[in-house]
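Q: Could you take a close look at the aromatic rings of this model, and then walk me slowly through their surroundings? I am in my first year, so please explain each step as you go.

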Amino acid sequence: TARHGAEQTHLWRRSYDVPPPPVDRTSPEHPASDERYRLLAPDVLPATECLADVVARVLPYWYDVVAPQLLAGLDVLVTAHGNSLRALMMHLEGISSVDIAEVNIPTGVPRRYRFAAGLAVAEAAYLGDQEAIAAAAAAVADQSKG
């Protein structure tokens, strides 16, 4: 925020298709510098990404792994970074690329989905104390300010 300003940082964090500038491959902030990704080829690690890129990564996993388990009658727990969850929420709940900018997923709060036939969402709700959930969502909204 200090380097690029609150408005630009907010745009990068919340927009659908505006990525921040790429991180240099030699930077310690590049994913190639993270030991967790040591088994991946460096050219598959993104130096930047926006929500549209996350959607492109999340949906194949949804279709190939999660959806078949749900269709088989299994209960599935998905845990992920907020942006990955926003991408999945967009898909499941039909949220537009414009409206997703205002969606703030509260950190650490489970969201339960109940599905109808064909994995249409029949019900979606955060579980827990609603005031605490609202406060957690507000905290996420404030992350790109000041």
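## The aromatic cluster and its surroundings

A: Trp62, Tyr113 and Phe115 are joined by ring pairs into a cluster. Please keep in mind that the model is a predicted one, and that the values below are computed from it.

Let us begin with the chain as a whole, to see where the cluster belongs. The chain holds four helices and two strands, and, read from the N terminus, these elements follow the order α-α-α-β-β-α. Of its 146 residues, 27% count as buried, and the C-alpha trace spans about 45 × 40 × 25 Å along its principal axes. If we take the contacts in the chain with a separation of 6 or more, 50% of them are accounted for by residues 24 or more positions apart.

Now to the rings themselves, for which a search of the whole structure finds two aromatic pairs. In one of them, the ring centres of Trp62 and Phe115 are 6.2 Å apart and the planes meet at 45 degrees, so this pair counts as tilted. This pair links distant parts of the chain, since Trp62 belongs to helix α2 and Phe115 to strand β1 (residues 111-115), with their positions 53 residues apart. The other pair is made by Tyr113 and Phe115, and it is stacked, with 6.0 Å from centre to centre and 20 degrees between the planes. Phe115 takes part in the pair with Trp62 and also in the pair with Tyr113, and in this way the three residues come together as a cluster.

How far each member is covered can be read from its relative accessible area. Trp62 has a relative accessibility of 5%, so it counts as buried, the class for values under 20%. Phe115 has 27%, which makes it partly exposed, and Tyr113, with 21%, is also described as partly exposed.

Strand β1 gives us a way to continue. Arg111 has its charged end over the ring of Tyr126, 4.5 Å from the centre of that ring. Pro110 is placed in the loop between α3 and β1, and, leaving out residues up to four places away in sequence, Pro110 touches Ala125, Tyr126 and Leu127. Tyr126 therefore appears in two descriptions, under the charge of Arg111 and among the residues that Pro110 touches. Pro110 itself has a relative accessibility of 44% and counts as partly exposed, while its C-alpha atom is separated by 12 Å from that of Gly82, which is 28 residues away along the chain.

After β1, the chain passes into the loop that leads to β2 (121-126), where Leu119 is found. Most residues other than glycine have a negative phi. Leu119 is not a glycine, yet its phi is positive, at about 65 degrees, and with a relative accessibility of 15% this residue counts as buried. Ala117 lies in the loop between β1 and β2 as well, but Ala117 is exposed, with a relative accessible area of 71%. The C-alpha atoms of Ala117 and Leu71 are 8.9 Å apart in space, although 46 residues separate them in sequence.

Helix α2, which carries Trp62, also takes part in the lining of a pocket. The second largest pocket has a volume of about 330 Å³. Of the 15 residues lining this pocket, Tyr61, Val66, Val78, Thr79 and Ala80 are the closest to its centre. Two elements, α2 (51-71) and α3 (82-93), each give two or more residues to the lining of this pocket, and α2 gives the most, with seven residues. Sorted by class, the lining contains eleven nonpolar, three polar and one charged residues.

Helix α3 leads us to one further place. Thr9, Trp12 and Arg14 are buried residues of helix α1 (residues 6-14), and what covers the buried residues of α1 includes α3 and α4 (130-142).

To return to where we began, the cluster joins a buried residue of α2, Trp62, to Phe115 in strand β1, and Phe115 in turn stacks with Tyr113.

Technical notes:
Residues numbered from 1 in each chain as written. Predicted model: local features only at pLDDT ≥ 70, side-chain atom pairs only at ≥ 80, totals over all residues. Heavy atoms only, no water. 1 Å grid on protein atoms, 1.4 Å probe; cavity = no way out; pocket = protein on both sides within 12 Å on 5 of 7 lines; lining within 4 Å. Points joined across faces, edges and corners; volume = space filled by probe spheres on them. Nonpolar A, V, L, I, M, F, W, Y, C, P; charged D, E, K, R; others polar. Phe/Tyr/Trp six-rings, centres within 6.5 Å; stacked < 30°, edge-to-face > 60°. Buried < 20%, exposed > 50% of the residue type's maximum accessible area, 1.4 Å probe, protein only. Lys NZ or Arg CZ within 6 Å of the ring centre and 35° of its normal. Contact = heavy atoms within 4.5 Å.
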